[in-house]
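Open the model in your viewer and switch on side chains. This tour goes from one selection to the next and says what is found at each stop.

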Amino acid sequence: MVVVSSYRDKGTRTLAPVRQQAPLKSAIECRHTLTDSFDTPPSGDLHLSQIDEPTNYGRLAVRILIALILSALAVVLWVRFERKTPVATGEIARINIYPVQAKITGGAAGTAGMQGQDEIVNQLLVFAHIHLHNPNKGPITIVDDWAVVTLSDGDTRRSAAASQADFDKVFQAYPQLAPVRMDPLRRALQIQPGQSADGLVVFSYPLSREDWEKRKAMQVTLSLNGAKDITLSAPPG
C-alpha cells in the first residue's frame, strides 16, 4: 500500500511498505545488469593495441625521397673526386725470361747414414721493360711494384720486384744476361709532370719454362704516390 500526501501536505511524501518488493527488486537487478554490460569492456582476445594504425603514406613518401636524394649525392661525390684523382699511363714494352735450375744433393759425401736423392729446383727470372708516363700537373713517385702470374690451372704466383742490390747480383751471377740489361725502374723514382721513365724490373718465380709458356696472364702493378696505382698486362709469348 502506498500513501501519498494531500495537497495540503505537499512538501512531504511517505512511502509505505509494498507487497510487490520481489518484482521491483528483480527490475532493479535487471537494470544493474544491463548497465554493467555497457560499462564493462568486453572480454576476449581483441585489444586496441593489436589493431594496426592506418598507414601514413605521406610520411613514407618523404622517407623514400630523402633516401633517394642521399644516394644520388653520394654517387655524385664519388664520381667527382674519383675523376679528380691523378692517373698515370704505361705499358710493358718487352718481357724476357731466364730459367735457372738448382741441384740440391741429398747428403754430403763421407757423412754417416744413407744418402738421399738429389732434388732439382726450378727458378724463373722474368725481366720486364716498363714504360711509365706522368700526364698530371704534379709529380708522381714509385712506392712499390710487384707482379702476379696466373698459371694454366688458374693458380697464381706473386713476386715482389728485386731491390737495387738484388738487381745488381742477378747480372753479376749471370753475365750472359748483359744484352737485356738496362737501368732499373727504381722505387722512390720521381717522375715530373709531362715526363716519362723507362726501366727494367726483375721478378723471380718457382716455375719452369713449361709453366711459363702455359701461363694465362702476367700483370705488373706499380704503387704510386701522387696518382692511383696502375696495373699493366704483359704481352703474350
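**A charge over a ring**

Select W212 and R215. In this predicted model, R215 lies over the face of W212, 3.7 Å from the ring centre.

**Aromatic pairs**

Next, turn to rings that pair with other rings. How many aromatic pairs does a search of the whole structure find? The search finds three.

Select F127 and F171 for one of these pairs. Their ring centres are 5.8 Å apart, and the pair counts as tilted because the planes meet at 50°, between the limits of 30 and 60 degrees. Now colour the model by secondary structure. F127 belongs to strand 2 (residues 119-133) and F171 to helix 3 (residues 164-173), so this pair ties together parts that are 44 residues apart in sequence.

Show the surface and look for the two side chains. Are they buried or exposed? F127 has 1% relative accessibility and is buried; F171, at 7%, is buried as well. Both values fall under the 20% cut-off for buried.

Keep F171 selected and add F167. The centres of these two rings lie 5.1 Å apart with the planes at 50°, so this pair is tilted too. Both residues are in helix 3, four residues apart, which means that about one helical turn separates F167 from F171. F167 is buried, with a relative accessibility of 3%.

**The cluster**

Finally, select F127, F167 and F171 together. Which grouping do they make? These residues form one aromatic cluster, and F171 is paired with F127 and with F167.

Note on methods: Residues are numbered from 1 along each chain as its sequence is written. This is a predicted model: local features need pLDDT of at least 70, side-chain atom pairs count only at pLDDT 80 or more; totals for chains, interfaces and linings use all residues. Side-chain values use heavy atoms; hydrogens and water are left out. Rings of Phe, Tyr and Trp (its six-membered ring) pair if their centres lie within 6.5 Å; planes under 30 degrees apart count as stacked, over 60 as edge-to-face and the rest as tilted. Helices (H or I, at least four residues) and strands (E, at least two) are DSSP runs, numbered from the N terminus. Buried means under 20% relative accessible area, exposed over 50%, partly exposed in between (1.4 Å probe, protein chains only). A charge sits over a ring if NZ of Lys or CZ of Arg is within 6 Å of the ring centre and within 35 degrees of the ring normal.
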